[in-house]
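Colleague: I should like to go through this structure with you, step by step. Please explain each term as it arises.

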Amino acid sequence: MVDTLTPRFLDRRTIDKAYPLVRNVVPGMTAARWTQFFRPHLVPRSPDWPRGVMTIQNAAGYILSLFAFEVRADLHESRVFYMDHIIVPNLPGRRTLWASTIGAAERLAEMNGCRAIWAEFRGGAECSDTDLLTSLERSGYAPAGVRHFKRLEAKSGGVGDGVTRPARGSYDA
Amino acid sequence: MHSSAFRDDTNGAISRFSLVARAGAHPLHLASPCDTCQAREFSACAPLTAEEQKRLAAIMRTVNIKLHCPIFDEAYPAEYVYTITAGTVKVYKLLGDGRRQITGFLFAGDFLGLIHNEAYAYSAEALVPTRLCRFPRRRLEALLVEIPHLEQRLLAMASHELAAAQDQMVLLGRKSARERVVSFILMLSNSAMRHGRPGDPVFLPMSRSDIADYLGLTTETVSRTFTSLKKQGLIELLDDKRIRLPRMSALREIAEGF
């Protein structure tokens with residue numbers, strides 16, 4: 001049996017169903033925190049600047065991978081497609097899953113008139129995922145730019161859900 | 001802990017399970033245990049050609065897991081992945097406060113071995129004496145490179161743990177205990193039919209406590225719900241953990257919240 005993989009947007013009805021996948025890749029993630037974090041991603045900022053969460057589902061409708069995306073203005077490239085929170089479980093045969101995930105992102109980027117794609121992988125397991133990086137390179141992606149990261153000590157704003165709120169006046173990149 | 005039990009060498013004591021056979025080493029007319037595998041039709045091996053089957057069998061070992069024995073523990077190095085060929089397995093995660101959350105039940109034909117960061121994402125335990133095909137993960141991945149179309153086929157089967165956990169999320173989203181329990185029974189019935197077994201009577205090898213854990217209910221509530229369903233003639237409790245479903249359409253209506 002060869003499964004059919006289909007990209008579908010995550011919506012409020014299916015956000016809970018995606019939780020087991022997220023929990024698998026992000027240990028300690030609670031269902032409440034997942035829902036609280038991603039619910040705003042399901043609403044676009046404006047029709048011209050869409051954002052959302054794309055899932056890859058099998059024929060039975062089970063969610064096998066997902067990523068968050070957003071179309072942003074870029075000084076150099078005009079419109080750029082950002083994808084992050086890329087979650088692809090380590091399953092045998094996952095290169096097929098990777099190909100579907102990347103393919104879905106590229107189609108979405110083209111549909112939105114984007115001239116480039118940024119795929120962001122934060123620290124931890126994703127960085128050491130050689131299969132993932134190999135798949136990206138084969139699809140024409142290359143490391144670009146420099147991003148530095150500094151964890152700030154939480155002084156205030158924590159509300160007990162593990163999510164650190166940005167200080168007033170900071171911007172949403 | 002029991003990671004030593006997974007070594008291929010048999011010098012150490014292997015109490016939890018016994019290695020049955022290396023597939024390629026079978027004598028005479030039996031080319032491999034795959035030839036007599038009852039789960040083959042419903043497992044990842046089903047669509048393989050004879051040659052592919054042979055190559056897969058060459059890296060496979062059959063293992064028997066005793067009743068209630070662990071197969072692997074969450075966060076332990078994931079050296080192997082498995083296909084269940086007989087029996088029932090529960091998969092669970094340990095929560096931060098030490099509690100256990102059962103996230104799914106897997107059956108013959110299902111694939112086992114979801115990995116995070118080179119370690120098992122869940123713990124797995126045999127609910128009944130269980131037989132597994134065990135594949136060294138690295139060697140299996142190497143084989144997938146050599147046989148690319150096997151990769152797609154395997155992916156279709158390898159998402160069972162995720163699917164079971166997503167089924168659970170749908171169940172937990174239902175409001176009443178009664179709806180959850182009935183949905184669970186029907187889910188097992190449907191799963192049995194998908195795997196070529198009769199859906200009625202349905203086999204429930206798990207304890208009331210395990211069902212409660214899976215459904216987010218107390219054991220007492222699960223027991224009360226079963227008793228209530230029995231009194232209403234919606235289910236009949238048979239011997240050996242089987243349940244007959246004489247009013248299937250009524251059960252479906254309950255599961256849908258009518």
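**The interface and one helix**

Modeller: In this model, 27 residues of chain A are in contact (heavy atoms within 4.5 Å) with 32 residues of chain B. The model is predicted, so local features need pLDDT of at least 70 and side-chain atom pairs count only at pLDDT 80 or more, while totals for chains, interfaces and linings use all residues. Residues are numbered from 1 along each chain as its sequence is written, chains are lettered from A and ligands numbered from 1 in the order in which they are written, and side-chain values use heavy atoms, without hydrogens and water.

Colleague: What area do chain A and chain B bury between them?

Modeller: Buried area is the accessible area (1.4 Å probe) that two parts lose on being put together, summed over both. Carbon and sulfur atoms carry 61% of it here. The value for chain A and chain B is about 2700 Å².

Colleague: Which element gives the most to the side of chain A that touches chain B?

Modeller: Helices (H or I, at least four residues) and strands (E, at least two) are DSSP runs, numbered from the N terminus. On that side, α1 (19–25), β3 (63–74) and α3 (94–111) of chain A each supply at least two residues. The element that gives the most, with 6 residues, is α1(A).

Colleague: Which residues of helix α2 (residues 31–38) of chain A are buried?

Modeller: Buried means under 20% relative accessible area (1.4 Å probe, protein chains only). Those of α2(A) pack against α1, β2 (51–57), β3 and β4 (78–87) of chain A. The buried residues are Trp34(A), Thr35(A) and Phe38(A).

Technical notes: Buried means under 20% relative accessible area, exposed over 50%, partly exposed in between (1.4 Å probe, protein chains only).
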